[in-house]
Amino acid sequence: MRYEGILSQRVQDLKPSGIRKFFDLLQEMEDTISLGVGEPDFQTPWHIRDAGVYSLEKGFTRYTSNAGLIELRREISGYMRRHYDLSYDPNGQILVTVGGSEGLDLAFRALINPGDEVIIPVPSFVCYAPLVEMASGVPIFLEMKAENEFRVTPEELSALITPKTKALLLPFPSNPTGGIMERSDLEALAKVLEGTDIMVVSDEIYAELTYDGLHHVSMANIPGMYDRTIVINGLSKSHSMTGWRMGYACAPNPIIAQMTKLHQFGIMSAPTTSQYAAVEALRNGDEDVAKMREEYDGRRRFLVKGLRDLGLNCFEPKGAFYVFPCIRSTGLSSDDFCEQLLLSQHVAVISGSAFGPGGEGFVRCCYAASMHDLTEALARIGTFLESVKK
């Protein structure tokens, strides 16, 4: 049977994730060190796991409200107010999703009509453009530059706006670069958006992971932007809960109503056990987050210094848990660098080209790994770099 004529052409045209091929190679090798997986290496704190177990013991295994447990939505509301000075009504402005990825999918599908353009800063996480395309939209790439610390500038944004522009995606703190946008940066973008109906989808999944005394600012905090910003967040990175699939979206009532409708038909409700665990995480997990952030910060500084000492030009990230060194000095493409490093030294990093235009010439290294592994990885990378020079 010829499935090409049966399967959706739109889905067939989507490019597979550029990250997966390195993971596939990794599975076949021994004595490997992975700096590739964008996942905390900490266990979910015990009191959060215990809350999930307790919910099972009590038989709390039925569907919840489509929007999520009201108890959880109240905790999200309090968390957003306490941490980011943002006020969202748990009755109508908050939706609990299956991870932040579902929240992004719902946001794009709720906004986009066929042919609408969404401006996506790159390099950035691999799911954004495919999600826009699956919603019948057109991704427009804004290439961020290392010399601008991988920030979006108002000039770059203004140059890409057309009558078809429906939304701007803001993926900060950034995966893969670790770049952030400070208040002044966001204020400059807000001025560009004045007088338009362009919406902002703000992926803030790494909002709790900022360093050097910097505190995350949401576009929704900027005057005039609250009503046109959809905030996507979750507990995967901040509370080390990737497998629990706990995300949430915060936005004005009319937007959340449409996102909830899509969620209702496609998902029904997020996992009940995970929701009870999330209540505990948001209510009593601030200290856990602070401890993990402190540990990441030490690793961040160690890895940046180590890569620079090896001769790689490395932007100092201010958020998330990635560094994005430039490898152009080796003369290798990003794909070749990653493949040869993996095959010769059994160290996995991710090609910058996997993250869209602007990523070529860089690789992503995740420092959600032990100091022992980071130390050994740097030694092996050093050996590899020496072999490339020869």
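1. Helices and strands are here taken as DSSP runs, numbered from the N terminus, and the model under discussion is a predicted one. With that understood, Tyr 128 can be placed in helix H6, which covers residues 128-134. Tyr 128 has a relative accessible area of 4% and is therefore buried. Setting aside neighbours within four places in sequence, the residues in contact with Tyr 128 are Leu 104, Phe 108, Ile 120, Leu 169, Pro 171 and Asp 203. Between Tyr 128 and Arg 10, which are 118 residues apart in sequence, the C-alpha to C-alpha separation is 15 Å.

2. A second buried position to look at is Ser 202, which has its place in strand E6 and a relative accessible area of 4%, so that it counts as buried. Not counting residues up to four places away in sequence, Ser 202 touches Leu 170 as well as Thr 229, Ile 230, Val 231 and Ile 232.

3. Helix H12 spans residues 334-345, and its 12 residues reach 16 Å from the first C-alpha to the last, close to the 16 Å expected at 1.5 Å a residue. Its buried residues are Ser 334, Phe 337, Cys 338, Leu 341, Leu 342 and Gln 345. Seen down the axis of H12, these buried residues fall within an arc of 120°, and they therefore line one face of the helix. The general background is that an α-helix has 3.6 residues a turn, so residues three or four places apart point the same way. Just after H12 comes His 346, which takes a positive phi of about 60°.

4. Phe 337 of H12 also leads to the packing of the interior, since the largest nonpolar core has 36 residues, of which Phe 321, Phe 337 and Val 349 touch the most other members. At least two residues of this core are supplied by each of helix H11 (286-309), strand E9 (322-323), H12, strand E12 (363-366) and helix H13 (371-389). H13 gives the largest share, with 6 residues. Apart from this core lies another, of 28 residues, which includes Phe 108, Leu 111, Ala 135 and Ala 249.

5. The surroundings of Phe 321 deserve a separate reading. Leaving out residues up to four places away in sequence, Phe 321 touches Gly 38, Glu 39, Pro 40, Tyr 206, Leu 209, Lys 237, Tyr 296, Cys 365, Cys 366, Tyr 367 and Ala 368. Phe 321 also belongs to one aromatic cluster together with Phe 42, Tyr 206, Tyr 296 and Tyr 322.

6. On aromatic pairs, of which the structure holds 14, two examples may be set side by side. Tyr 79 and Tyr 84 form an edge-to-face pair, with 6.4 Å from centre to centre and 70° between the planes, and both of these tyrosines are buried. Tyr 206 and Tyr 322 likewise form an edge-to-face pair, here with 5.7 Å from centre to centre and 75° between the planes. Tyr 206 lies in the loop between strand E6 (199-203) and strand E7 (229-234), whereas Tyr 322 lies in strand E9, so this pair ties together parts that are 116 residues apart in sequence. Both Tyr 206 and Tyr 322 are buried.

7. His 83, in helix H4 (residues 70-84), counts as buried because its relative accessibility is 15%, which falls under the 20% cut-off. The side chains of His 83 and Glu 208 are joined by a polar contact of 2.8 Å. Beyond its neighbours within four places in sequence, His 83 is in contact with Glu 208, His 215 and Asp 286.

8. Glu 208 appears again in the environment of Val 289, a residue of helix H11, since Val 289 is in contact with Glu 208, Ser 238 and His 239 when neighbours within four places in sequence are left aside. Val 289 is buried, with a relative accessible area of 3%. The C-alpha atoms of Val 289 and Ser 240 are separated by 8.6 Å, although the two residues stand 49 residues apart along the chain.

9. Helix H10, finally, runs over residues 272-284, and its 13 residues reach 19 Å from first C-alpha to last, close to the 18 Å expected at 1.5 Å a residue. The buried residues of H10 are Thr 272, Ser 274, Gln 275, Ala 277, Ala 278, Val 279, Glu 280, Ala 281 and Leu 282. Among the elements that cover these buried residues are helix H3 (46-57), H4, strand E2 (94-98), strand E8 (246-250) and H11.

Technical notes
Residues numbered from 1 in each chain as written. Predicted model: local features only at pLDDT ≥ 70, side-chain atom pairs only at ≥ 80, totals over all residues. Heavy atoms only, no water. Helix = DSSP H or I, 4+ residues; strand = E, 2+ residues; numbered from the N terminus. Expected span 1.5 Å × (residues − 1). Buried < 20%, exposed > 50% of the residue type's maximum accessible area, 1.4 Å probe, protein only. Arc of directions from axis to C-beta. Polar contact = N/O pair within 3.5 Å; in protein donor to acceptor, adjacent residues only side chain to side chain. Contact = heavy atoms within 4.5 Å. Core = buried A, V, L, I, M, F, W, Y, C linked by side-chain atoms within 4.5 Å. Phe/Tyr/Trp six-rings, centres within 6.5 Å; stacked < 30°, edge-to-face > 60°.
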